[in-house]
Amino acid sequence: GTNGMFTPSEKKKVIVLGGDGFCGWPTALYLSEIGHDVIIVDNLSRRAIDLELECDSLTPIQSMGERLKVWKQVSGKEIPFHFFDVAKSYELLRELIAREKPDAVVHFAEQRAAPYSMKGPYQKKYTIDNNVNGTHNLLCAIVESGLDVHVVHLGTMGVYGYGTSGGEIPEGYIDVTLPGGRESNILHPMSPGSVYHMTKCLDQLLFQFYQRNDELRITDLHQGIVWGTNTPWTKKDERLINRFDYDSDYGTVLNRFLMQAAMGYPLTVYGTGGQTRAFIHIEDTAKCIGLAIENPPKSGDRVEIFNQIAETHRVRDLAKIIADLTGCEVKSVNNPRKEAAENELEVSNKKFRSLGYEPISLGTGLLEEVTQVADKYKDRCDVDKIMPSSFWNKKIEEQCTDDV
Ligand code: NAD
């Protein structure tokens, strides 16, 4: 039908933390498009990390000022922007919430790359400080404001750990029999595979505590790997273009493959490519957040958890799909990560489905991504950034240097 797009039952005021990022920008535009009042907060740290890593979005993203000016021209809608650090500037966050009285805060403002979080001690510590403090500041500021603000957080499928549970991964909670025989329903055991994923596990405990202690309304979206670049809203003008990361730290696997294909570079599969991952298109990320804002948990209900994914694929199968589409080669390199070589992954996404979510599947936009994005901007690509440059430990790093 309407492809998941809908008119919200009421206009809401929504603060988007991390609204300059890969998921945050298209989501902010979508929420504005469907009629919500959107406010963006971002400290532009992702752009600063580009300087540190000496790479850049493949797509020519514009400054926040330019982005918002163009959005106003094409939509007539104003999105105020506040430049500050959610993890460090507690006062500014608290004042913004108290002044604006938002109905919801969507929280994207975290360091989100697993490889970057494993690069070295600076990046490990930064990821912990930034992510854990940012989430805690938000929860603390809402409690202090005394307002009823729905928190919608972007979590990850990675909290479950890959391949640790047999069978379908439920949405957040599992039934267990505790020692002594008592039946209970608890958070699915967490098994992070990187410092980044660990921060998302810690976030889950922060949410559980603040929900129980202060009855905050919280939705945690356990999202799969996002692919694709643009959405109908970022396509309205080229200056609204979304970022596209292809480097080995920030490029998510499918986007990395698309770039490699466009460059005529072999697709680099880690090990056997037997890792199974969950995927979702960027347009669906935005729409699912719209649905989550429309359906907040009731006050007093436990933390609402959705698995925000469309489908699962084995990495080597993904590589084959793209190789078949483009004629490029597939090459196996040593895995820079410490993880099982092969894993199964079955995931339930019943809750979003029951709200009318019809996901975009991988087949649909892939070729367009190759031609309209990867191929179109390939002159901006620095191929030296494609091979892994962050390793999970010293031993793995030594094995991987054999690849070069
Ligand atoms: P991104 O790095 O592109 O965007 C994050 C944004 O938050 C950036 O613009 C950054 O500048 C901002 N930010 C970070 N720390 C901040 C702080 N302390 N104060 C203010 N702003 C800050 O990442 P993304 O891909 O858009 O991911 C957004 C969220 O979605 C993350 O929490 C991530 O864990 C989650 N997620 C992403 C994916 C994916 O495939 N991209 C998958 C699952 C979950």
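User: Quick start: how do α8 and α12 stand to each other?
Analyst: α8 and α12 are oblique to each other. Angles under 35 degrees count as roughly parallel, over 145 as roughly antiparallel, 65 to 115 as roughly perpendicular and the rest as oblique. The axes of α8 (residues 253–263) and α12 (residues 362–375) cross at roughly 50° and come within 9 Å. Axes are lines fitted to C-alpha atoms, for helices over the stretch in contact, with angles from 0 to 180 degrees between N-to-C directions.

User: What kind of model is this?
Analyst: This is a predicted model, where local features need pLDDT of at least 70 and side-chain atom pairs pLDDT 80 or more, while totals for chains, interfaces and linings use all residues. Residues count from 1 along each chain as its sequence is written, and side-chain values use heavy atoms, leaving out hydrogens and water. Helices (H or I, at least four residues) and strands (E, at least two) are DSSP runs, numbered from the N terminus.

User: Back to the pair. Which residues of α8 meet α12?
Analyst: L254, L258, M259 and A262. On the α12 side are L362, L366, E369, V370, A374 and D375. Contact means heavy atoms within 4.5 Å.

User: How many are nonpolar, and how many charged?
Analyst: The contact of α8 with α12 has 8 nonpolar, no polar and 2 charged residues. Ala, Val, Leu, Ile, Met, Phe, Trp, Tyr, Cys and Pro count as nonpolar, Asp, Glu, Lys and Arg as charged, and the others, Gly among them, as polar.

User: And α6 with α7: what is the crossing angle?
Analyst: Roughly 15°, with the axes of α6 (residues 121–145) and α7 (residues 195–214) coming within 9 Å. That makes the two helices roughly parallel. By class, their contact has 12 nonpolar, 5 polar and 3 charged residues.

User: New topic: sheets. What is the order of the 7 strands?
Analyst: The order is β3-β2-β1-β4-β5-β9-β13, an open sheet with parallel pairing. Its edge strands, β3 (81–82) and β13 (304–308), each pair on one side only. Two strands pair if DSSP finds at least two bridges between them.

User: How many bridges join β1 and β2?
Analyst: There are 5 bridges between β1 (residues 13–17) and β2 (residues 37–41), in the parallel sense. V16 stands opposite I40 in β2. Helix α1 (residues 24–33) packs on the sheet, touching β1, β2 and β4 (104–107).

User: Is β5 buried or exposed?
Analyst: Mostly covered: 7 of the 7 residues in β5 (residues 150–156) are buried. Buried means under 20% relative accessible area, exposed over 50%, partly exposed in between (1.4 Å probe, protein chains only). H150, V152, L154 and T156 point one way, and V151, H153 and G155 the other.

User: Where does H153 pair?
Analyst: H153 in β5 stands opposite H107. In β9, its bridge partner is D220. β5 and β9 (residues 217–223) pair in the parallel sense over 7 bridges.

User: What about the sheet of 3 strands: what is its order?
Analyst: β10-β12-β14, an open sheet with mixed pairing. β10 (225–227) and β14 (311–314) are at the edges with a single partner strand each, so one side of each has no neighbour in the sheet.

User: Which residue pairs with A278?
Analyst: T312, in β14. β12 (residues 276–281) and β14 pair in the antiparallel sense over 4 bridges. Helix α10 (residues 315–326) packs on this sheet, touching β12 and β14, and its direction makes about 90° with that of β14.
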